[in-house]
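Here are my notes for you to read with the model open beside them. Take the points one at a time and find each spot on screen before moving on.

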Amino acid sequence: MKSRWREQWQQKRSKSESWDNMSATAYLFCSADAYQHHLPAYTASSPAGTKYVHVNKAGEEYLPVRKLINLVKIAEIERMGDNWNGYGAEPLPHDVIRRAEEFVLRLPEDAFVSPTARDSIQIEFEKRNGDYFEIELFTDHFSVYVVRGDHESEHDYPYEELHIKRLTEEVEGFCG
Amino acid sequence: MDNTFAEDERLFRAVIPDNMYWKDGRPTSAAFKTRETDGLSTDRQGERTVEEAVAYLHSHLKGSAVSVTYNDCCCAGVDVVYSPVSTPEDDNPYHTLLQGIKTKGQARALAQQCMIHD
């Protein structure tokens, strides 16, 4: 079931000549069961049509394509084996992978996702004026680094719903 | 070579996987993060030209080559430690560690300052 959205995505990609042809308004329709595989906790605790799953006028559920791109990227990260960076990095922990999927779905779609060689995944947002919002996901906590103008701050938080919800609001405010 | 560096001596690193880190034509700071205990492996330029150093890096690592100067590291509060490797499995007389990358700001500074070679 996990591969369904990936297959759909690959089919969609094969129809496009390049990634550039995928505009921000192009969406890939996904079935609800694909989400349930990835996020059993969310789908079990919240009804269909949560903020993570968009619904079009026809009642079909879909993910914004940028989120889907990031989920595909996270799936690639999950497949990386020993020495994936050429400098001896180890595969990323599965719980970090799962957290990354969760955060990508909850946060605004303009995220840029990348792995680090210190058992973490980085999610970042950046404005044209240089303001920067970075979230680094570790096994037992997440770390937030924000640069606004000349001011920068860095804080660690446990994976508690209160903090994740506050973070989501902050990032939404940052992205405007 | 010893543990002294000219201010403009470059320290080279391969960005791998090459499809993961590039944002608007530059590497993201995640490419400069490693476990604090490990240090970030680079190849120092030494007496070589930039082209020779990049060619040597690509002789044992794929991916795009980027580099920062010793001065970039000093400005970011990163320690540069020459640590050549000579074992049956690995031999790199240019190997140099960037140590003390503790904050996200340091990693971002390196990402912003780095030169992209290919």
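The points below go through chain A, then the contact between the chains, then chain B, and end with a few local details.

1. Before anything else, keep in mind that this is a predicted model. Every number in these notes is computed from it, so to speak, on paper.

2. Start with the sheet in chain A. It is an open sheet of five strands, and the order across it is β4-β5-β6-β7-β8 with antiparallel pairing. Why does one side of β4 and of β8 in chain A have no neighbour in the sheet? These two strands, residues 112–115 and 151–158, stand at the edges and each has a single partner strand, so one side of each is left free of a neighbour. Going from one strand to the next, the twist averages 15°.

3. Now zoom in on one edge of that sheet. β4(A) and β5(A), the latter spanning residues 121–126, run antiparallel and are joined by four bridges. If you want a pair to click on, take F112(A), whose bridge partner in β5(A) is E124(A).

4. Two helices of chain A pack on this sheet, so to say, and here they are in turn. Helix α5 (residues 94–106) touches β4, β5, β6 and β7 of chain A, and its direction makes about 25° with that of β5(A). Helix α6 (residues 161–175) touches β5, β6, β7 and β8 of chain A, and its direction makes about 150° with that of β6(A).

5. Those two helices are also linked by a salt bridge. E161(A) and R106(A) form it, with their closest N and O atoms 2.6 Å apart. E161(A) belongs to helix α6 of chain A and R106(A) to helix α5 of chain A, so the pair ties together parts that are 55 residues apart in sequence.

6. Next, look at where the chains meet. On chain A, 30 residues are in contact with 23 residues of chain B. About 2300 Å² is buried between the two chains, and carbon and sulfur atoms give 49% of that area. Which three residues supply more of the area that chain A buries against chain B than any other three? They are Y87(A), F112(A) and R118(A), which supply 31% of it.

7. There is plenty of charge to look for here too. Between chain A and chain B the count is nine salt bridges, while a search over all chains finds 16. One of those between the chains joins the side chains of D119(A) and R35(B), at 2.8 Å from N to O. There are also 20 residue pairs in polar contact between chain A and chain B.

8. Which elements of chain A give two or more residues to the side that touches chain B? The answer is α4 (65–79), β4, β5, β6, β7 and β8 of chain A. The residues on this side of chain A divide into twelve nonpolar, seven polar and eleven charged.

9. Over to chain B, which has an open sheet of six strands in the order β6-β9-β4-β1-β5-β10, with antiparallel pairing. At the edges are β6 (79–82) and β10 (115–116) of chain B, each pairing on one side only. Two bridges join β10(B) to β5(B), residues 64–69, and S67(B) stands opposite M115(B) in β10(B). Helix α1 (residues 50–60) of chain B lies across β1, β4 and β5 of chain B, running at about 35° to β1(B).

10. Finally, two backbone details to check. I16(B) and P17(B) are joined by a cis peptide bond, with omega about -5°, and P17(B) is found in the loop between β1 and β2 of chain B. In chain A, N83(A) has a phi near 60°, a positive value in a residue other than glycine. You will find N83(A) in the loop between α4 and α5 of chain A.

Note on methods
Residues numbered from 1 in each chain as written. Chains lettered and ligands numbered in written order. Predicted model: local features only at pLDDT ≥ 70, side-chain atom pairs only at ≥ 80, totals over all residues. Heavy atoms only, no water. Pairing = 2+ DSSP bridges. Axes fitted to C-alpha atoms, helices over the stretch in contact; angles between N-to-C directions. Contact = heavy atoms within 4.5 Å. Buried area = accessible area lost by both parts, 1.4 Å probe. Salt bridge = Lys/Arg side-chain N within 4 Å of Asp/Glu carboxyl O. Polar contact = N/O pair within 3.5 Å; in protein donor to acceptor, adjacent residues only side chain to side chain. Nonpolar A, V, L, I, M, F, W, Y, C, P; charged D, E, K, R; others polar.
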